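User: I've got a chain open on my screen and want to know where some of the labels come from. Can you walk me through them?

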Amino acid sequence: MRLPHPILLVCFGVIFGCGVDAVMKHVMLGGTSVLTATAWRYILGSVIMVALFAASRRPIPGLPAIRFHALRSLAQVISAFAFFYSLTQIALAEAVVMGFTAALMIAPIARVILGERMSPVTIGASMVGFAGAALAATAQTQGGPEEGNRLYGTAAILISAVLYALNIVLLRLRTKEEDSLTLVTFMNVFPALFLLPFMFLFTKWTPEAHAWGAMVGVAFLGIGIWWLMTLAYGKAKAQTLAPFEYTGLIWSALLGYAFFQEVPGWRVYAGAAIIIAACLVVAFETHFIARREAKIPASDILT
């Protein structure tokens, strides 16, 4: 069977991701706590991924890999919790836009952990991108959460972005040693194990009765994101596909308006334009450096 074009796969993956955010926001505003909703998002995802992993008959990774993923998942689960919390405090589109700053944080974190160099262009573009995030944070959005606190929501999304970038950098240490199915299985199982004790101790153990269907849908959407992105990035270069991930602003704004009557102010879109431009500069500068070090002509930048 012929698959759709990789760009379409990425766009659908982004739509699935925005769908997860919108459904989670609906569930949490409907009475389910952030902790319970986040825990069940990973519990149900674990059931699906463990079944797929078992069906594939792959060998279980060794103890060093398990230890690594256990530690890495701490960053992942705190990032996810902080992001979902932010959705209860600020508009959906605002959270997605400020979440774009994670791409700007990968370079400095990789500098610390992996020893990768940062060019002056990357540093400058990152500073400009963070200025865009500051502009978006000052936006006046109509229809945002009535009891939301913008300061708490903005702080949560920035914490989430930092830890998400850390998670991406750490995953780069394992992508050459483990296949995507194994990685995604760990990315669901360990967060579920970490969240379960806290859910049992501090909040209601189950979502609201009306939220179960939505939570199952979130689990499948989450798996769909991984599947679509894996197919897309396996068929085309990241440099070609990455810009289309920013279409998340469009879908988050549409979903926010359709389901929560949120209308982001102009500063959200202006800040998004600045952040996206900065991210693209960082991406292309990184690609230039890699090709220069490999002694490949810079004129061949898109290959």
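Here are a few labels, each checked against its cut-off.

User: Before we start, what kind of model is this, and how many helices and strands does the chain have?

Analyst: It's a predicted model. The chain has 12 helices and zero strands. Of its 303 residues, 48% count as buried.

User: Why is Gly222 called buried?

Analyst: Buried means under 20% relative accessible area. Gly222 comes in at 13%, so it counts as buried. You'll find Gly222 in helix H9, which covers residues 212-235.

User: What makes Val20 and Arg41 contacts of Gly222?

Analyst: A contact needs heavy atoms within 4.5 Å. Gly222 is in contact with both Val20 and Arg41, once you leave aside neighbours within four places in sequence. There's also Phe16: its C-alpha atom is 7.4 Å from that of Gly222, with the two positions 206 residues apart along the chain. As for the chain, take contacts with a separation of 6 or more: 87% of them come from residues 24 or more positions apart.

User: How do you know that Ile113 is partly exposed?

Analyst: Partly exposed sits between the 20% and 50% cut-offs. Ile113 has a relative accessible area of 38%, so it gets that label. Ile113 lies in helix H5, residues 102-113.

User: And what makes Ile113 part of a nonpolar patch?

Analyst: Patch residues need over 30% relative accessible area, and the 38% of Ile113 passes that. Ile113 forms the surface patch with Val112 and Leu173, and together they have about 270 Å² of accessible area.

Technical notes: Residues numbered from 1 in each chain as written. Predicted model: local features only at pLDDT ≥ 70, side-chain atom pairs only at ≥ 80, totals over all residues. Heavy atoms only, no water. Helix = DSSP H or I, 4+ residues; strand = E, 2+ residues; numbered from the N terminus. Buried < 20%, exposed > 50% of the residue type's maximum accessible area, 1.4 Å probe, protein only. Patch = residues over 30% accessible without salt bridge, like charges linked within 9 Å, V, L, I, M, F, W, Y side chains within 5 Å. Areas by Shrake-Rupley, 256 points an atom, 1.4 Å probe, with all protein chains shown as cover. Salt bridge = Lys/Arg side-chain N within 4 Å of Asp/Glu carboxyl O.
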